[in-house]
Amino acid sequence: MELIVPPKQTHQGFCSFHYDIHKKKTSGHRKDRNFPCFNSPSVEILVVKKQGSRKQRRSGVKVFAVSFTETFSTNGGLRLSNAERMPHGKGRGQVQGNSSHSFEEFESNNYLRRLVRNGELEEGFKHLENMVYHGDIPDIIPCTSLIRGFCRVGKTKKATRVMEILEDSGAVPDVITYNVLISGYCKSGEIYNALKVLERMSVAPDVVTYNTILRTLCDSGKLKQAMEVLDQQLQKECYPDVITYTILIEATCKESGVEQAMKLLDEMRDKGCKPDVVTYNVLINGICKEGRLDEAIMFLNNMSSYGCQPNVITHNIILRSMCSTGRWMDAEKLLAEMLRKGCSPSVVTFNILINFLCRKGLLGRAIDILEKMPKHGCTPNSLSYNPLLHGFCKEKKMDRAIEYLEVMVTRGCYPDIVTYNTLLTALCKDGKVDIAVEILNQLSSKGCSPVLITYNTVIDGLSKMGKTERAMQLLFEMRERGLRPDIITYSSLVGGLSREGKVEEAIDFFQDLEEMGVRPNSVIYNAIMLGLCKARKTDRAINFLVHMVSKGCKPTESTYTILIEGLAYEGFTKEALELLNELCSRGVVKKSSAEQVVVKF
């Protein structure tokens with residue numbers, strides 16, 4: 001028989017478990033047995049079983065622990081441990097011959113659980129291998145967590161190995177374990193391996209299994225293959241749910257259009273699966289993207305008759321479409337209708353409106369919307385302020401932009417890197433590079449780490465203002481931060497050096513780039529050739545053109561006009577005009593560009 005009893009606290013961290021074994025009706029007496037075991041924080045209950053007869057292959061007492069905190073599945077049902085699901089008494093904690101092996105296995109599983117909980121995945125893996133080597137059967141629960149942990153860090157091969165060890169040990173993974181591995185493969189883009197796991201599952205897949213695979217196939221544009229998987233799902237009598245259909249409807253909208261998606265909606269209803277608000281939102285979004293805004297509005301108005309109330313996301317989809325098509329009056333009406341129906345706007349709702357108004361240059365009205373947000377229970381975030389800052393910068397109202405940056409901070413909304421990049425770009429374009437450098441230096445102290453584009457913006461601004469030496473310092477700084485400069489970084493620096501007349505330094509820098517394996521682009525070649533021509537070294541500039549072509553970098557129109565101007569600048573006007581006419585006749589240089597060059601002679 002089987003009893004479930006709560007542990008009784010005893011001395012020195014031990015607990016004792018008591019159960020009765022009743023013999024057949026012919027025997028009227030009862031035996032009482034007590035088993036000591038170490039207390040473990042993860043043990044809530046202990047199940048004790050007496051199995052078989054003494055003649056059966058040393059079958060003894062099966063002792064195993066079940067942790068309430070770890071054994072409940074996502075749907076609230078109890079997730080069985082190995083011992084309960086294994087046939088013929090083979091399971092976690094089985095004792096054969098004596099109870100010592102049972103407790104060793106029990107403690108091994110507890111240790112495995114602790115390692116996984118602490119994130120010590122590699123140690124957990126080694127311990128799992130050691131357990132199986134010594135004949136212990138691992139618990140599927142910590143093994144599932146181990147698989148999840150490896151998948152989370154992108155080590156899907158290691159996760160698969162855990163599954164193989166688990167299966168080879170005699171344990172039976174449940175559908176949750178398989179789902180975790182399949183999800184890991186899907187998130188890493190390994191859909192082929194996910195499908196292979198689906199094929200070899202030792203338990204029946206559930207709707208979560210199929211939804212995970214269908215979502216990945218649909219997101220990668222493989223709707224046809226997703227439909228084939230759906231057919232397999234139906235053949236195995238695993239019926240799709242509302243999530244399944246919503247995934248397929250969304251993919252069909254993208255690939256085949258809304259009309260085809262509507263057929264799936266009809267099929268869904270016919271099979272007794274009721275669409276929810278997410279399903280309808282997907283369809284409304286598809287209708288809007290097809291430019292059928294009026295139909296989307298009609299669909300919104302009819303949703304109540306379908307037995308589903310639109311939510312704030314439904315309204316936001318249509319609101320965004322209204323703003324993108326310039327229907328501001330309709331957007332205002334929709335917002336008023338939302339409030340009348342008791343559908344509270346979200347931060348996203350207000351951000352859509354602010355973004356639209358700022359793009360239209362209506363910054364005053366955008367500020368009005370921003371100030372009204374708290375009255376509706378919404379706190380503005382960086383996405384609320386960024387369009388305003390961009391609008392002020394576009395209008396070269398840098399004082400207002402900096403003012404609103406300070407307003408953000410005082411209201412507890414910390415600017416993100418997009419905010420700062422917007423501001424830095426505007427400052428550099430306005431020639432205020434010193435302020436830009438000052439803000440850049442303060443970013444880390446404000447908890448906002450600069451990214452590549454941040455440095456590129458300021459380096460370019462400094463280079464254009466003749467402050468290449470300071471720009472070079474930023475290059476070293478970004479490298480120290482672990483950021484890798486790109487071709488844009490190098491183009492700005494080479495251009496700056498050439499403009500400052502430091503063409504030899506520019507050439508040295510160019511050679512360093514080639515040694516580092518960086519392939520210079522036409523912008524870098526043109527900058528050096530311009531510097532050489534200004535230094536009356538057109539012959540060397542022509543040599544650079546030859547080098548440029550030999551390296552597979554195609555010259556641009558600017559390349560040729562730089563050289564022509566260089567020849568004229570050195571007094572070879574006749575030769576420059578002949579070359580210009582030849583290039584025009586070949587279509588290499590446009591006539592309009594040629595006329596601009598001639599004016600400079």
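## Exercises on a predicted model

At 1% relative accessibility, His 315 counts as buried. The exercises below concern this residue and two helices of a predicted model.

**Exercise 1.** Determine where His 315 lies and which residues, beyond its neighbours within four places in sequence, are in contact with it.

*Solution.*
- Step 1. Locate the residue: His 315 belongs to helix H14, which runs over residues 312-324.
- Step 2. Apply the cut-off: buried means under 20% relative accessible area, and His 315, at 1%, is therefore buried.
- Step 3. List the contacts: once the neighbours within four places are set aside, His 315 touches Leu 300, Pro 310, Leu 334, Met 338 and Cys 343.
- Step 4. Consider one of these partners: Leu 334 is 19 residues away from His 315 along the chain, yet their C-alpha atoms are separated by 7.7 Å.

**Exercise 2.** Check the span of helix H15 (residues 328-341) and establish how its buried residues are arranged around the axis.

*Solution.*
- Step 1. Compute the expected span: the rule is 1.5 Å times one less than the number of residues. For the 14 residues of H15 this gives 20 Å, and the end C-alpha atoms are 20 Å apart, so the two values agree.
- Step 2. Identify the buried residues of H15: they are Trp 328, Ala 331, Leu 334, Leu 335 and Met 338.
- Step 3. Examine their directions: these residues cover an arc of only 115 degrees around the axis, and therefore lie on the same side of H15.
- Step 4. Turn to the face away from the buried side: it carries the exposed residues Met 329, Lys 333 and Arg 340.
- Step 5. Name the packing partners: helix H13 (293-302), H14, helix H16 (347-359) and helix H17 (363-372) pack against the buried residues of H15.
- Step 6. Inspect what follows the helix: Gly 342 comes after H15 and has a positive phi, near 85 degrees.

**Exercise 3.** Carry out the span check for helix H26 (residues 522-534) and decide whether H26 is mostly covered or mostly uncovered.

*Solution.*
- Step 1. Compare the spans: the 13 residues of H26 should span 18 Å at 1.5 Å a residue, which agrees with the 18 Å between its end C-alpha atoms.
- Step 2. Count the buried residues: 10 of the 13 residues are buried, and H26 is mostly covered. Among them are Ile 524, Tyr 525, Met 529 and Leu 532.
- Step 3. Find the cover: it includes helix H24 (487-499), helix H25 (503-515), helix H27 (538-550) and helix H28 (557-569).
- Step 4. Look just after H26: Arg 536 adopts a positive phi of about 55 degrees.

Technical notes:
Residues numbered from 1 in each chain as written. Predicted model: local features only at pLDDT ≥ 70, side-chain atom pairs only at ≥ 80, totals over all residues. Heavy atoms only, no water. Helix = DSSP H or I, 4+ residues; strand = E, 2+ residues; numbered from the N terminus. Buried < 20%, exposed > 50% of the residue type's maximum accessible area, 1.4 Å probe, protein only. Contact = heavy atoms within 4.5 Å. Arc of directions from axis to C-beta.
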